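Colleague: Could you take a close look at one part of this model for me and walk me through what surrounds it? I'd like one connected picture rather than a list.

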Amino acid sequence: MLQQQAPQPTTPAIAADRLTKKFGEVTAVSGLSLTVSPGEIFGLVGPDGAGKSTSLRMLATIMDPDSGKARVAGFDTAGEAAAVKDHLAYMSQKFGLYQDLTVGENIDFYADLYGMSRKGRQARVEELLDFSHMRPFIDRPAGNLSGGMKQKLQLICALIHTPRVLLLDEPTNGVDPVSRRDFWRILNRLRAEQVAILVSTAYLDEAERCDRVGLIDKGRLMATGTPDEIKRLMVGRIFSIRSGKARQIVDILRDEPMAKSVNLFGDSVHLVSEEERERDTAAKIKNLLDRKHLEYDQVREIPPSLEDIFVSLLGKGDAAPEAERDRFTLSDETGNGEEVAVHVAGLTRQFGSFKAVDNVGFMVKKGEIFGFLGPNGAGKSTTIRMLCGLLAPTSGSGTVGGFDIMKEAEKIKLHIGYMSQKFSLYEDLTVTENINFYGGIYGLAGNRLEKRREWALTMAGLQEHRKSITRILSGGWKQRLALACAILHEPPIIFLDEPTSGVDPLSRRRFWDLIYAMADRGITIFVTTHYMEEAEYCDRIALIYGGKMIATGSPMELKTEAMQDKIIDLRCRNPQDLIGPLKELPEIRDVSLFGSGLHLVTPDAGSGMAAVRRLLADRDVGEVNMEVITPSMEDVFISLIEAVDRQTDQAGKVQA
């Protein structure tokens, strides 16, 4: 086990020594030891149920360990809990918000709680409202916010004062890429102010930005070190194959002797091989794909990412539930028999004077995986609720499964599956009882319900958990159970509203294996997501912002045609220190952290790279790797949204 500790010239702000916590016969955390220094960001990553949240709760003095000890901000968590809390900010996964208070009132409440003077808090509040884009909602009750917006409000409340220690339990779940980038900008500034930050995250690209990372599984730390040190644990070489037929390539390569493992990463396939010669392996891959007449853009060896390490180390011996194609069947009642599953035109929903959805139109074909993207509050969930017959449109028209969304809402409900952000499960019921309940809602009974229940348990890999209380399941298991309940009645169309928010990379991959299997059987999948890698798994994508459609097309079309600017990928030591200076260059439009490096947006790649080289030479940065790359979906997402904002600002100036 790699156990490399960074030099620590100062007393650690967090020091955990063999912390252990049991719940009955289950050991949630076993002998956890780690340190975090002032001015350090330490990332805790691991699968669902690994012990991340329990570890943070013990450090926050919310939960007492069964054994072991810890010191936070110099104080003992057992004997000096009050002093620990005075120097600590903790953000849990549960929303610590008052639903009847407005956004502004919630912020004021937490500022009062932390003892901030009324006079001194205003500048901090203004700054946090700007970074989170929550200013327009200052007077809205917290209970009326979307899930992602509640997450952002809780971030504001946690950061309202500057603590010595900041504990964040998966703080960016359900938060869009724009806000995630802004959030990490704030974290890096807190880091510069010598705040010690311990953050658990399901986003492995976020873990790449941490000074050190701890990989935890089944309550034990498997490895700690810098991201680069963790990556050295990779056994084998990784080859990336980029193709518009990535899903088909995965199926072919998994049966090849040269493949130790094969995984999908957006529009690329990552094959891990233990063969020694890079040239031989690449040639074998190309020859195989050529024989199968599968087009590809490139085959090349790449360095491992943290997600590669995560999947390699934690995916062993933990196979995904079976998802053979013949497990998914279509209902005979598929509406009017047309090849179009969803079609809407001029769809609008107004709440008072606020237009949540404004003149939206699109079409989804049967058997298509259709991704619906947009930042928090863009109108995604409102659109889905209208399509599912849960909310009446203010105006517009459309059909779902051949049924009119205005006149046949009840028929729509019988022919779709709907999985909401909250999974819609009854926590106090067992797995079997939840399935039985939803089966009853969909009119299943007797032998029919019994067969579908066994199918659902097998499909979701929950056979051994059938008697478990749902509340104790990890996020990944709850996710599978929610999907099983949503498709129990064999609907031809499934709506998934941010279904993978907060689950680990292994659970996300297994979930998408199930989605592919369903799509291959002709089931239509309509999915919203904030994971831009997942957006690349979709056949087509629509982007909504401010309630309006701003782009649509396949992932490759959007990456190659929708974005006019070029992307420069820059890799060097301490990239966060260069964000400010690079943004001042007139040739660079924007700079943001991307994994362990930076993405630079420039109108002209040639002049942009020349300007960057001059700046790096002046600052004596050292070893640098810089290249122009195809934009990622995250780059496209942010670029299109910022283009709309620029147009809006210009229009406002003209009117003024």
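Modeller: Let's start at Ser 268, which is found in strand 13 (residues 268–273). Bear in mind that this is a predicted model. Ser 268 has a relative accessible area of 10%, and the cut-off for buried is under 20%, so Ser 268 counts as buried. Leaving out residues up to four places away in sequence, Ser 268 touches Ser 240, Ile 241, Arg 242, Ala 246 and Asn 263.

Now step along to Val 269. With that sequence filter applied again, the contacts of Val 269 include Ser 240, Ile 241, Ala 246 and Asn 263, names you've just seen around Ser 268. Val 269 also touches Phe 239, Ile 249, Val 250, Leu 253, Val 262 and Leu 264.

That takes us into the largest nonpolar core, which has 72 residues. Val 269 is among the members that touch the most others, along with Ile 241, Leu 253, Ile 369, Leu 496 and Ile 525. The biggest contribution to this core comes from helix 17 (residues 505–520), with seven residues. There's also a second, separate core of 71 residues, and Leu 97, Val 125, Leu 145 and Leu 314 are among its members. As background, nonpolar side chains in soluble globular proteins tend to be buried together.

On to the rings. Searching the whole structure turns up 14 aromatic pairs. Take Phe 372 and Phe 526: their ring centres are 5.4 Å apart and their planes sit at 55°, so this pair is tilted. Phe 372 belongs to strand 17 (residues 369–373) and Phe 526 to strand 22 (residues 524–528), so the pair links distant parts of the chain, 154 residues apart. Both are buried: Phe 372 has a relative accessible area of 0%, and Phe 526 has 1%.

Phe 526 has another partner in Phe 495, with centres 5.2 Å apart and planes at 45°, so that pair is tilted too. Phe 495 sits in strand 21 (residues 493–497), so its pairing with Phe 526 ties together parts 31 residues apart in sequence. Phe 495 is buried as well. Put the ring pairs together and you get a cluster of Phe 362, Phe 370, Phe 372, Phe 495 and Phe 526.

Last, a couple of charges over rings. Arg 140 has its charged end over the ring of Phe 354, 5.3 Å from the centre, while Arg 452 lies over the face of Trp 455, 4.1 Å from the ring centre.

Technical notes:
Residues numbered from 1 in each chain as written. Predicted model: local features only at pLDDT ≥ 70, side-chain atom pairs only at ≥ 80, totals over all residues. Heavy atoms only, no water. Core = buried A, V, L, I, M, F, W, Y, C linked by side-chain atoms within 4.5 Å. Buried < 20%, exposed > 50% of the residue type's maximum accessible area, 1.4 Å probe, protein only. Helix = DSSP H or I, 4+ residues; strand = E, 2+ residues; numbered from the N terminus. Contact = heavy atoms within 4.5 Å. Phe/Tyr/Trp six-rings, centres within 6.5 Å; stacked < 30°, edge-to-face > 60°. Lys NZ or Arg CZ within 6 Å of the ring centre and 35° of its normal.
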